[in-house]
Amino acid sequence: MTPRGLLDTSVVIDLDSIARDRLPDETAISAITLAELAAGPHAVTDEQERGRRQDRLQWAASRWDPLPFDGEVARAYGRIYATLRARGRTSRRRVPDLLIAATALAHDLPLFTRNPDDFAGLETVIQIQVI
């Protein structure tokens, strides 16, 4: 298995149902994933689902020290953007996913995801592991 990898938000959300042998030995998340998890409880009206999402946020925040959005990631985002534009894809709707991809690129990590369509067109720039 891969020694290190960046987990997409979809993987963090479903982590309890993913077999350990499908994950890298050492995992990381981006600050963008933590931001998506922080928004999650506010995106629902159902109290039980809000509580589950808050629990997931607190668990993730205590488990990982997220990789920051910094200058290196910002520059990598430019490459991600250019790659998608060259393929005729728009990036406006999926900015958080692309910032996560930029984090993977900047840190030279494979990206583990449950939603490969979010990263279609980036296969030449980052390694995408679908789980």
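User: What counts as a pocket here?
Analyst: On a 1 Å grid over the protein atoms alone, a pocket is an open set of points where a 1.4 Å probe fits, with protein on both sides within 12 Å along at least five of seven lines. This is a predicted model, in which local features need pLDDT of at least 70 and side-chain atom pairs 80 or more, while totals for linings use all residues. Residues are numbered from 1 along each chain, and side-chain values use heavy atoms, without hydrogens or water.

User: OK, what volume does the largest pocket have?
Analyst: The largest pocket has a volume (the space filled by probe spheres set on the points) of about 300 Å³.

User: And which residues line it?
Analyst: The lining (residues with an atom within 4 Å of a point) consists of Thr9, Ile13, Glu36, Leu37, Ala39, Gly40, Ala43, Glu49, Arg52, Arg53 and Arg56, which divide into 4 nonpolar, 2 polar (Gly counts here) and 5 charged.

User: Which helix gives the most?
Analyst: H3 does, with 4 residues, although H1 (9-14), H2 (31-39) and H3 (47-63), DSSP runs of at least four residues, each supply at least two.

User: Switching to the sheet, what's the strand order?
Analyst: The 4 strands (DSSP runs of at least two residues) form an open sheet ordered E2-E1-E3-E4 with parallel pairing, where a pair needs at least two bridges. E2 (26-28) and E4 (128-130) are at the edges with a single partner strand each, so one side of each has no neighbour in the sheet. The twist, an angle between lines fitted to C-alpha atoms on a scale from 0 to 180 degrees, averages 35 degrees from one strand to the next.

User: How many bridges join E1 to E3?
Analyst: There are 2, between E1 (residues 4-7) and E3 (residues 111-113), and Leu6 stands opposite Leu111 in E3.
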